[in-house]
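Here's a quick briefing on the empty space inside a protein, plus one strand worth a look. Have the viewer open as you read.

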Amino acid sequence: MSLASPTRRLLLALAAAFATGLGTAPALADNAKPIKLLVGFPPGGGTDAIARTLAERLKDELGTTVIVENKPGAGGQLAAQALKTAAPDGTTFFLSHDHTITILPLVVKTPGFDPAKDFVPVAGFATFVNALAVSGGTPAKSVNEYVHWVKTAGGGKGAVGVPAPASVPEFLVKVIGEKYKLDLISAPYRGSAPMMTDMLGNQIAAGVGSIPDFIENHKAGKVRVVAVLGGARQAALPDVPTFAELGLAGFEDVPYYGVFAPAGTPKETIDRFGAALSKVIAQPDVRERLTGMGLAVGYMPAEQLGQREHAYKQVWTRIIKASGFQPQ
């Protein structure tokens with residue numbers, strides 16, 4: 001018995017569509033469900049601004065809404081735990097820098113997640129450096145002026161804000177204090193946004209964080225970045241010296257930004273998200289905006305991001321052990 005003509009035409013049309021590849025591309029999420037892009041810090045900070053810049057364009061490349069979901073607390077620990085329990089169905093990703101993925105598992109006894117087992121790298125998109133900035137309430141315009149001000153106005157003692165406890169910035173505060181023979185105490189915040197609020201209000205005289213945390217207020221003259229880490233001066237801050245130039249070497253290995261997914265997420269899903277991210281950061285206006293935030297933009301596929309994270313972990317494992325720090 002032959003099929004009725006309309007039914008036969010429908011089947012032939014569907015077969016033709018699949019034959020030309022229209023039906024073969026794997027969906028990132030079933031039925032184009034909205035995608036959550038987790039961020040472990042509050043709105044208003046550098047990481048949040050980066051995530052929202054990317055999410056706005058990712059929705060066009062992926063064909064579905066990309067929602068930035070902030071889960072601040074414990075240096076991104078809450079967001080990482082949320083990623084661990086999320087279904088590996090392509091609807092949940094985590095945009096993070098080095099602190100949550102690499103540093104937290106080294107300084108916290110029970111972080112509630114194991115990046116090697118619970119997450120899979122999706123793609124990296126930038127590296128950046130940390131910096132020392134001073135608030136507008138201090139007269140300092142250089143590291144030496146800041147050191148002199150702490151010694152004269154504070155008797156050699158001072159508090160320095162950091163975006164999270166037991167973070168790279170906190171270790172850097174210790175190193176800076178030792179180099180310049182200052183009694184510097186870290187003041188941990190729940191992200192860079194509240195730290196910046198206190199710096200802008202002159203409640204704290206200095207902070208160590210990433211360049212994206214400081215760049216807008218530095219350009220506006222509200223805070224002053226006086227030194228950066230890394231092996232070279234930064235394009236966004238060409239007049240700011242590196243700590244290596246000032247005699248503090250050994251911190252040239254720069255941190256990274258990347259996107260991660262729950263373990264078990266299909267490879268085709270990861271590849272598609274990575275391809276979309278690659279296209280987004282190649283867009284001139286997006287690249288210009290990220291560069292203006294102080295990022296060195298560069299695409300890293302999943303395998304390369306995994307290698308970058310592993311190498312960074314080895315460096316900071318040595319530094320943390322040498323410092324005598326004990327996991328809390």
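What follows covers the cavities first and then a strand with its neighbours. Keep in mind that this is a predicted model. The structure holds 2 cavities of 30 Å³ or more, the largest with a volume of about 200 Å³ and the second largest with about 100 Å³. As for the strand, β3 is mostly covered.

**The largest cavity**

- This cavity, with its volume of about 200 Å³, is lined by 20 residues, and the closest to its centre are F41, H97, P163, P169 and D213.
- Four elements are listed as giving two or more residues to that lining: α2 (46-62), α4 (98-107), α7 (168-180) and β8 (206-210).
- Helix α2 supplies the largest share, 3 residues.
- By residue class, the lining of the largest cavity splits into 10 polar, 7 nonpolar and 3 charged.

**The second largest cavity**

- Here the volume is about 100 Å³, and of the 16 residues in the lining, L229, F251, D253, P255 and W316 are the closest to the centre.
- The elements that put two or more residues into this lining are α7 and α12 (302-323).
- Helix α12 makes the largest contribution, with 4 residues.
- The lining of the second largest cavity divides into 11 nonpolar, 3 polar and 2 charged residues.
- If you're browsing helices, α7 is a good one to click on: it gives two or more residues to the lining of the largest cavity, and α7 also does so for the second largest.

**Strand β3 and its partners**

- Strand β3 spans residues 92-97, and 6 of its 6 residues are buried.
- Its side chains alternate: T92, F94 and S96 point one way, F93, L95 and H97 point the other way, and all are buried.
- On the parallel side of the pairing, 3 bridges join β1 (residues 35-39) to β3, with K36 standing opposite T92.
- The antiparallel partner is β10 (residues 256-262), which is joined to β3 by 4 bridges.
- Within β10, Y257 is the bridge partner of H97.

**Where the two topics meet**

- Which residues of the lining are the closest to the centre of the largest cavity? H97 is one of them, along with F41, P163, P169 and D213.
- That same H97 belongs to β3, where it points the same way as F93 and L95 and is buried, and its bridge partner in β10 is Y257.

Methods:
Residues numbered from 1 in each chain as written. Predicted model: local features only at pLDDT ≥ 70, side-chain atom pairs only at ≥ 80, totals over all residues. Heavy atoms only, no water. 1 Å grid on protein atoms, 1.4 Å probe; cavity = no way out; pocket = protein on both sides within 12 Å on 5 of 7 lines; lining within 4 Å. Points joined across faces, edges and corners; volume = space filled by probe spheres on them. Nonpolar A, V, L, I, M, F, W, Y, C, P; charged D, E, K, R; others polar. Buried < 20%, exposed > 50% of the residue type's maximum accessible area, 1.4 Å probe, protein only. Pairing = 2+ DSSP bridges.
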